[in-house]
Amino acid sequence: MPDQSLSQVRTPDAPAAEPVARASGVSRRALLGTAGATGLVLGAAGGAVGYAAAPAGATPLTALGAGRAMFHGKHQPGITEGLQARGHLVAFDLVAGAGRKEAAALLRRWSATAERLMAGEPAPHDDTDVARDAGPSSLTVTFGFGHSFFGRTGLEKQRPAALDPLPDFSSDRLDKARSDGDLWVQIGADDALVAFHALRAIQKDAGSAARVRWQMNGFNRSPGATAHPMTARNLMGQLDGTGNPKPSDADFDKRIFVPASGEPAWMANGSYAVVRRIRMLLDDWEKLSTTAQEQVIGRRKADGAPLSGGGETTPMDLEKADANGDYLVPLNAHARITRPDRNGGAAMLRRPFSYHDGIDADGTPDAGLLFICWQADPLRGFVPVQRKLDRGDALSQFIRHEASGLFAVPGGAAKGEYVGQRLLEG
């Protein structure tokens, strides 16, 4: 899972957040410390962080709390930012009788709420005060539309071909009640209360227009927990995301975002999110020796380096063999199978959360990955890679796909617009 099936956390290549410094004389460098908060740059000082400007002499926010992402922009937030420490994924279905008009009003409410909360301000109405003492904490709120949304709103002619249902895979054990949905919301933040605060506000804003279909809660390592920025580890203990495409790559936008001239026009600068709840069979996995685990993945557990040698970012030598003529990176190793050059160049940006939902009746942990990947077209991103994994990935016996969704995530809203306005009012 470290290369194409899962994701990365804050690496030196991830865009860095700009902490919102208070008027206290504390330097931006001092605020940043070792936390590595992520998001988009905002040059404001003081202002609405934590709901109100701090009084003179007050202790400034740490870098973790001061990190702020922008709501308005070319792309929606929550796609290219580094992983946040806490996340909520929620799917909604429109209620019977609700259509395009109600959906437009809902997205207008959601966008207004997201803009305020991402700035560290209270919700527009009936704020719960849960996040009163915190800064924005790199909060992002992202909205998407499922396949069924277009039929419910009479917009079938605007449904993208890329939103056609995903094919069935042999590893699927899907719970339909926790899959798909008319609308999808991704919430992430570096503080659990800030994330929960946004979740409650979004749920309350749904009002009588939509009902929660399913909700999933996840987490990642907190920024500043390691001595230096590094690729994340998943619940199997593996560095996860070494092969993720980076915004600095020349073809990054082409792989991840729908072009401005793309079809349909309302998806310009948008992306498609594949969401999968992947249970890790940890009891079985943890019975393997470290050497056996590394053979399954194709990388060293300690530092993520390929078994063919070098460091984490050293190109994998797929032809290198040992004295017996056996490939150092096994033919069915996950990292070998998921390489873009083994899948017609297919690539996706993985940005997941881990989850742990307790212990089953038989004593096994219900834990794993809330897999989220972004691509300009899932038929050229997720689908070919998952098909290849289906045919012989060594990792497949240690994971189980239990829920699935595919959502069209339009481009970012311009100032004065709400997300999806070009679809719903076009």
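Student: In this predicted model, which residue in S10 does Leu349 stand opposite?
Tutor: Start with the strands. Strand S8 covers residues 349-350 and is joined to S10 by 2 bridges, with the two running antiparallel. Leu349 belongs to that short stretch, and the residue opposite it in S10 is Trp374.

Student: Okay, and which residue of S7 stands opposite that Trp374?
Tutor: S7 spans residues 271-280. S7 and S10 pair in the antiparallel sense over 8 bridges. The residue standing opposite Trp374 is Ala273.

Student: S9 comes up next to S10 too. How many bridges join S9 to S10?
Tutor: S9 takes in residues 353-359 and runs antiparallel to S10. One of the facing pairs sets Phe353 opposite Leu370. The count of bridges joining S9 to S10 is 5.

Student: Which residue takes a positive phi in the hairpin of S9 and S10?
Tutor: Look between the two strands, where the hairpin has 5 residues. The phi there is near 90 degrees, and the residue that takes it is Gly363.

Student: Back to S7. Which residue of S11 is the bridge partner of Ile278?
Tutor: Ile278 has a partner in S10 as well, namely Leu369. For S11, residues 399-409, the pairing with S7 is antiparallel and runs over 10 bridges. There the partner of Ile278 is His401.

Student: How many of the residues of S7 are buried?
Tutor: Take the faces in turn. On one side Ser271, Ala273, Val275, Arg277 and Arg279 are buried, and on the other so are Tyr272, Val274, Arg276, Ile278 and Met280. Both faces are covered, and the tally for S7 is 10 of its 10 residues.

Student: And how many of the residues of S10 are buried?
Tutor: S10 runs over residues 365-375. This strand is mostly covered as well, with a tally of 11 of its 11 residues.

Student: Let's leave the strands. Why does Ser179 count as buried?
Tutor: Ser179 sits in the loop between helix H4 and strand S5. Leaving out residues up to four places away in sequence, Ser179 touches Leu174, Arg213, Trp214, Ala403 and Ser404. Buried means under 20% relative accessible area. Ser179 counts as buried because its relative accessibility is 2%.

Student: How far is the C-alpha atom of Ser179 separated from that of Leu406?
Tutor: Along the chain, these two are 227 residues apart. In space, their C-alpha atoms are separated by 9.0 Å.

Student: Is Met236 buried or exposed?
Tutor: Met236 is found in the loop between strand S6 and helix H6. C-alpha to C-alpha, Met236 is 7.0 Å from Leu282, with their positions 46 residues apart in sequence. Its relative accessibility is 3%, so Met236 counts as buried.

Student: Which residue does a cis peptide bond join to Glu263?
Tutor: Check omega, which is about -10 degrees for this bond. The partner lies in the loop between H6 and S7, and the residue joined to Glu263 is Pro264.

Student: What is the relative accessible area of Asn269?
Tutor: Asn269 lies in the loop between H6 and S7. Its phi is near 65 degrees, positive even though Asn269 is not a glycine. Asn269 is classed as buried, and its relative accessible area is 18%.

Student: Ser137 is not a glycine, so what is its positive phi?
Tutor: Ser137 is in the loop between helix H3 and strand S4. Ser137 is buried, with a relative accessible area of 1%. Its phi is about 55 degrees.

Student: Now the empty space. Which helix gives the largest share of the lining of the second largest cavity?
Tutor: The structure holds 5 cavities of 30 Å³ or more, and about 80 Å³ lies in the second largest. Its lining includes His197, Arg200, Ala201, Lys204 and Asp205. The largest share, 5 residues, comes from residues 192-206, which is helix H5.

Student: How many charged residues are in that lining?
Tutor: Among the lining residues are Asp126, Asp127 and Arg200. By class there are 3 nonpolar and 4 polar residues, and the number of charged ones is 5.

Conventions: Residues are numbered from 1 along each chain as its sequence is written. This is a predicted model: local features need pLDDT of at least 70, side-chain atom pairs count only at pLDDT 80 or more; totals for chains, interfaces and linings use all residues. Side-chain values use heavy atoms; hydrogens and water are left out. On a 1 Å grid over the protein atoms alone, a cavity is a set of points where a 1.4 Å probe fits but cannot get out, and a pocket is an open set with protein on both sides within 12 Å along at least five of seven lines; lining residues have an atom within 4 Å of a point. Grid points are joined across faces, edges and corners, and a volume is the space filled by probe spheres set on the points. Helices (H or I, at least four residues) and strands (E, at least two) are DSSP runs, numbered from the N terminus. Ala, Val, Leu, Ile, Met, Phe, Trp, Tyr, Cys and Pro count as nonpolar, Asp, Glu, Lys and Arg as charged, and the others, Gly among them, as polar. Buried means under 20% relative accessible area, exposed over 50%, partly exposed in between (1.4 Å probe, protein chains only). Two strands pair if DSSP finds at least two bridges between them. Contact means heavy atoms within 4.5 Å.
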